[in-house]
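Work through the exercises below with the structure in view. Try each task before reading its solution.

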Amino acid sequence: MRYLTARKRAEGKGAAGTGTETHWYMTVSGAGLAVMLPFFLFIIGRALGSSYEEVVATFSHPIPAILTGLFLVVGLQHFIRGCHTMIEDYVGGTARKLLVVFVITFSYFLMAAGLFALAKLVL
């Protein structure tokens with residue numbers, strides 16, 4: 001049996017018990033999204049208002065397709081973590097659990113729908 005003091009058990013953990021993991025993830029994913037955003041806006045801006053054939057031609061190249069998919073996945077993962085933290089901070093009881101389940105389910109649905117639409121364009 002190990003003997004741990006109360007301080008040793010609590011070291012590195014915040015009030016929620018997860019430590020700085022969420023903060024670090026949000027910082028890294030936010031920085032990644034900030035770097036990807038200008039390229040993503042350029043790709044979407046070029047495709048916006050174009051004909052279907054031009055949009056397919058744009059997304060048939062690997063760089064725009066990969067960047068769009070990556071931006072979609074990282075952005076929605078960032079959204080899930082941010083909403084989860086916000087809900088934990090401001091909502092309590094059963095509503096907290098229901099909202100967390102709804103946000104995660106809705107975000108993964110959006111991710112799947114976006115990746116499916118991108119795959120339909122690319123293939």
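**Exercise 1.** Check the length of helix 5 against its expected span.

Solution. Helix 5 covers residues 93–122, which is 30 residues. Helices here are DSSP runs of H or I, at least four residues, numbered from the N terminus. The expected span is 1.5 Å times one less than the number of residues, so helix 5 should span 44 Å. Its end C-alpha atoms are 44 Å apart, which agrees.

This is a predicted model, where local features need pLDDT of at least 70, side-chain atom pairs need 80 or more, and totals for chains, interfaces and linings use all residues. Residues are numbered from 1 along each chain, and side-chain values use heavy atoms, without hydrogens and water.

**Exercise 2.** Find what the buried residues of helix 5 pack against.

Solution. Buried means under 20% relative accessible area, exposed over 50%, partly exposed in between (1.4 Å probe, protein chains only). In helix 5, V100, V103, S107, M111 and L118 are buried. The buried residues pack against helix 3 (52–59) and helix 4 (62–90); contact means heavy atoms within 4.5 Å.

**Exercise 3.** Classify T58 as buried or exposed.

Solution. T58 lies in helix 3. Its relative accessible area is 15%, so T58 is buried. Beyond neighbours within four places in sequence, T58 touches I43 and P64.

**Exercise 4.** Classify F102 and F106 by accessibility.

Solution. Both residues, F102 and F106, sit in helix 5, four residues apart, about one turn of the helix. F102 has 52% relative accessibility, so F102 is exposed. F106 has a relative accessible area of 39%, so F106 is partly exposed.

How values were computed: Helix = DSSP H or I, 4+ residues; strand = E, 2+ residues; numbered from the N terminus.
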